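Here is a short report on one protein chain. It starts with charged side chains and then turns to helices, surface and confidence.

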Amino acid sequence: MLGALIIVFREVMEAGIIVGILLAVTKGVPGRGRWIAAGIGAGVAGATLLAVFAEQISSALAGIGQELFNAAVLAMAVVM
């Protein structure tokens with residue numbers, strides 16, 4: 001449980017750094033707050049949706065579902 005807590009804390013810190021960088025880079029852009037807030041909201045919604053359906057997604061393919069799910073998540077991370 002402590003390990004999961006540390007990983008989540010680290011990920012939240014990284015997300016905060018990225019949001020801070022985006023806010024600094026877009027300092028002079030009008031309406032930047034709405035776009036960044038929309039991006040944060042979309043990210044939270046996507047993560048929540050994935051968490052809710054993670055078990056069903058990974059078990060959708062008998063036997064190799066977990067491996068394919070992990071590969072898809074890693075591929076999406078590389079693309080981002």
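The side chains of Arg10 and Glu11 form a salt bridge, with N and O 2.8 Å apart. A salt bridge here is a side-chain nitrogen of Lys or Arg within 4 Å of a carboxyl oxygen of Asp or Glu. This is a predicted model, in which local features need pLDDT of at least 70, side-chain atom pairs count only at pLDDT 80 or more, and totals for chains, interfaces and linings use all residues. Residues are numbered from 1 along each chain as its sequence is written, and side-chain values use heavy atoms, with hydrogens and water left out.

**Salt bridges**

How many salt bridges does the rule give? The count is two. Arg10 also pairs with Glu14, where the closest N and O atoms are 3.7 Å apart. Arg10, Glu11 and Glu14 are thus linked in a network of salt bridges. Side chains of opposite charge can pair when their charged atoms come close.

Where do Arg10 and Glu14 sit relative to each other? They are four residues apart in helix H1 (residues 2-25), so about one helical turn separates them. Glu11 is found in helix H1 as well. Helices are DSSP runs (H or I, at least four residues) and strands are runs of E (at least two), numbered from the N terminus.

**Accessibility**

Buried means under 20% relative accessible area, exposed means over 50%, and partly exposed lies in between (1.4 Å probe, protein chains only). The table lists residues by this scale.

| Residue | Relative accessibility | Class |
|---|---|---|
| Ile6 | 51% | exposed |
| Arg10 | 45% | partly exposed |
| Glu11 | 37% | partly exposed |
| Glu14 | 38% | partly exposed |
| Leu49 | 52% | exposed |
| Ala71 | 42% | partly exposed |

Ile6 is found in helix H1. Leu49 has its place in helix H2. Ala71 lies in helix H3 (residues 65-79).

**Helix H2 and the nonpolar patch**

Helix H2 covers residues 32-58, which is 27 residues. At 1.5 Å a residue, H2 should span 39 Å, and its end C-alpha atoms are 37 Å apart, which agrees. The expected span is 1.5 Å times one less than the number of residues in the helix.

H2 also has a kink of about 50 degrees, centred on Val52. The bend at a residue is the angle between axes fitted to the seven residues ending there and the seven starting there.

Val52 belongs to a nonpolar surface patch too. Its other members are Leu49, Leu50, Phe53, Ile57 and Val73, and the patch measures about 500 Å². Which element gives the largest share of the patch? H2 does, with five residues. Patch residues have over 30% relative accessible area and no salt bridge; like charges are joined within 9 Å, and nonpolar side chains (Val, Leu, Ile, Met, Phe, Trp, Tyr) within 5 Å. Accessible areas come from the Shrake-Rupley method with a 1.4 Å probe; for residues, only the protein chains shown count as cover.

**Distances along and across the chain**

Three C-alpha separations help with orientation. Ile6 and Glu55 are 49 residues apart along the chain and 23 Å apart in space. Glu11 and Gly33 are 22 residues apart in sequence, with 22 Å between their C-alpha atoms. Ala71 and Leu2 are 69 residues apart along the chain, with C-alpha atoms separated by 26 Å.

**Confidence**

The protein chain averages a pLDDT of 87, and 98% of the residues score at least 70. pLDDT is the predictor's confidence in each residue, from 0 to 100. Confidence is highest in H1, at a mean of 91, and lowest in H3, at 83. Where pLDDT is low, the predicted coordinates should not be read in detail.
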